[in-house]
Amino acid sequence: MHIVSLAGGIGGARFLRGLRATEPDATITVIGNTGDDITLFGLRVCPDLDTVMYTLGGGIDEEQGWGRAKESHVVKEELAAYGVEPQWFGLGDRDFATHIVRSQMLEAGYPLSQITEALCTRWQPGVRLLPMTDDRCETHVVIEDERGKRAVHFQEWWVRLRASVPAQSFALVGVDQAKPAPGVLDAIRQADVVILPPSNPVVSIGTILQVPGIREALLPKTVVGVSPIIGGAPVRGMADACLTAIGVETSAQAVLELYGSDLIDGWLVAEEDAEVALDGVRVVARPILMHDAEAAAGIARTALDLALELSR
């Protein structure tokens, strides 16, 4: 069985770990969001790709859900001592090594998809991890604060500002000229089912769907999504701030409608959202809070079983 999944950061990575555990013999291709990517200290950082790679490869800091386990921050402290900005983005010493390797390979002319494959040779995540595109795309956020109306990189809004300044809009810079990374469209075409984990529907899954050709390739496939909203609140993170910025209610119903019935065939929601409905979509209500690895595997199993049933 060939499964394709679109994924953002922490929630997506933990769901994928559960999916791999519940279906260990499947071929799983993960299409990762790169809209969060940023250049810091001269290094190219790919937060979502790395979170998936570290989580499935056993190197993640389990408590915070991102970054490396048993991390130190000597380099960050030394950069701060020199007054080098930004100081709000915390890269650890072990994590720096990944970004150094990636940046050296980019400078040598390798595309991001090949670099990601090379990095995964070390981590052995048990899935094929592909960036959504090899082209440079970055999510920027239009805000208005004491400095006036301006655009900032998504990471500044998310990490430094903690989404406390309302976003007026999002712009995925470079997406109009972007192409799906090699292997992305082939993986979708060969997929038996497609699973959308409970990643951010605006700046993770939504970003991937903006790359020309990806959404169109998904439309004829059986696609099952897991709601990132439970009882009107995000499972984790600040998805509510992102949804508000694009004029969408923070609810399992509204996110389903945002994705659309042309894309989604099955929608897994929490029991308190059992009333969610949309013509053409099979909605199933189950406990969907990933409080541990066993729960994540159970949720993934339910989503996969629903997808297989709908694909028959």
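## Largest pocket

The largest pocket encloses about 950 Å³ of space. Its lining comprises 40 residues, of which G9, I10, D48, W66 and W158 lie closest to the pocket centre. Two or more lining residues come from each of the helices α1 (10-22), α2 (47-57), α4 (93-107) and α6 (154-160). The model is a predicted one.

The most lining residues of the largest pocket are supplied by α2, which gives 5. Sorted by class, the lining holds 19 nonpolar, 13 polar and 8 charged residues.

## Aromatic pairs in helix α6

The structure contains 8 aromatic pairs. In one of them, F154 and W157, the ring centres are 6.1 Å apart and the planes meet at 50°; the pair is therefore tilted, as this angle falls between the limits of 30 and 60 degrees. F154 and W157 are both located in helix α6, separated by 3 residues, or about one turn of the helix. F154 has a relative accessibility of 1% and W157 one of 0%, so both count as buried, the cut-off being under 20%.

F154 also pairs with W158, and this pair is stacked, with 5.2 Å from centre to centre and 25° between the planes. Helix α6 holds both F154 and W158, which are 4 residues apart, again about one turn of the helix. Ring pairs join F154, W157, W158 and F170 into a cluster. W158 is also among the residues closest to the centre of the largest pocket.

## Charge over a ring

A contact of another kind involves R68 and Y54: the charged end of R68 sits over the ring of Y54, at 5.5 Å from the ring centre.

Key: Residues numbered from 1 in each chain as written. Predicted model: local features only at pLDDT ≥ 70, side-chain atom pairs only at ≥ 80, totals over all residues. Heavy atoms only, no water. 1 Å grid on protein atoms, 1.4 Å probe; cavity = no way out; pocket = protein on both sides within 12 Å on 5 of 7 lines; lining within 4 Å. Points joined across faces, edges and corners; volume = space filled by probe spheres on them. Nonpolar A, V, L, I, M, F, W, Y, C, P; charged D, E, K, R; others polar. Phe/Tyr/Trp six-rings, centres within 6.5 Å; stacked < 30°, edge-to-face > 60°. Buried < 20%, exposed > 50% of the residue type's maximum accessible area, 1.4 Å probe, protein only. Lys NZ or Arg CZ within 6 Å of the ring centre and 35° of its normal.
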